[in-house]
Structures are given as C-alpha cells and as structure tokens.
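Some labels attached to a model are only as good as the criteria behind them. The questions below take a few such labels in turn and ask what supports each one.

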Amino acid sequence: MTELMNIGFGNLVNTDKIIAIVTPDSAPAKRLVQRAKQEERVVDATQGRKTRSIIIMDKDIVVLSASGPDTLAGRFHELAGIKEDE
C-alpha cells in the first residue's frame, strides 16, 4: 500500500518514490534545483517560504519543501516503522 508523507502545508509525497532528502545549501544542490526549474521538473511546496529541504523523487522530479531534512526524515521513519536509533 502506498504511504503518503506530509512535507508541509498539507502537501504530500509518495514515500515509495523518494530517492533522497537533501539540504539546499551546497552548490551541487543549487545547480540541481536550477536545472530542474529550467526543465520544468520542480514542484515548489514551500508556499513562498524558505526552502529548507530538497526531495529528489524518481523520474527526476525535484520537490522543494519548507520543512527541514531532519523533520522529513523523522516523518519518513515514522511511516516506515523505523526507530531513530537504527
């Protein structure tokens, strides 16, 4: 069954499609977002707020979120039933 994870402001993503959750601070991450915007592969779910995490999905879709990577990882682990210690 497909699990949907809240990435902020009522926006949800399919957890089966997540490849990585990264911070937007590095130059490679910024280039990734810029290229995705040029190719119209970006979903901006920040509601005008600062981008605190970049979710890389399969099929080269890039999702921007105002929630931090640690917050999203915690939600992902909670849905997957994984303890933070593991």
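Q: What makes strand β5 count as mostly covered?
A: In this predicted model, strand β5 spans residues 53–57, and four of its five residues are buried. Buried stands for a relative accessible area under 20%, so the description of β5 as mostly covered rests on four residues that fall below that cut-off.

Q: How do you know that β5 and strand β3 pair, and in which sense?
A: Two strands are said to pair if at least two bridges are found between them. Strand β3 (residues 18–22) and β5 are joined over four bridges in the antiparallel sense, and therefore the criterion of at least two is met. Within this pairing, Ile21 stands opposite Ile55 in β5.

Q: Why are β5 and strand β6 called paired?
A: The pairing of β5 with strand β6 (residues 62–65) is antiparallel and has four bridges, so here too the requirement of at least two bridges is satisfied. Ile55 stands opposite Val63 in β6, while Ile56 stands opposite Val62 in β6. The two strands form a hairpin with four residues between them, and Lys59 in the turn has a positive phi of about 65 degrees.

Q: What is the order of the strands in the open sheet, and which are the edge strands?
A: Four strands form the open sheet in the order β3-β5-β6-β4, with mixed pairing. The edge strands are β3 and β4 (42–44), since each pairs on one side only. On average, and with direction ignored, neighbouring strands of this sheet are turned by 20 degrees against each other.

Q: Which strands does each of the helices α1 and α2 lie across?
A: Helix α1 (residues 27–38) lies across β4, β5 and β6, and runs at about 115 degrees to β6. Helix α2 (residues 69–80) lies across β3, β5 and β6, running at about 145 degrees to β3.

Q: Why is Ser67 called buried?
A: Ser67 has a relative accessible area of 12%, and buried means under 20%, so Ser67 qualifies as buried. Its place is in the loop between β6 and α2. Not counting residues up to four places away in sequence, Ser67 touches Ile7, Gly8, Arg52, Ser53, Leu72 and Arg75.

Q: What makes the approach of the Ser67 side chain to Ile7 a polar contact?
A: The side chain of Ser67 reaches the backbone oxygen of Ile7 at 3.3 Å. A polar contact requires a pair of N or O atoms within 3.5 Å, and therefore the distance of 3.3 Å lies within that cut-off.

Methods
Residues numbered from 1 in each chain as written. Predicted model: local features only at pLDDT ≥ 70, side-chain atom pairs only at ≥ 80, totals over all residues. Heavy atoms only, no water. Buried < 20%, exposed > 50% of the residue type's maximum accessible area, 1.4 Å probe, protein only. Axes fitted to C-alpha atoms, helices over the stretch in contact; angles between N-to-C directions. Contact = heavy atoms within 4.5 Å. Polar contact = N/O pair within 3.5 Å; in protein donor to acceptor, adjacent residues only side chain to side chain.
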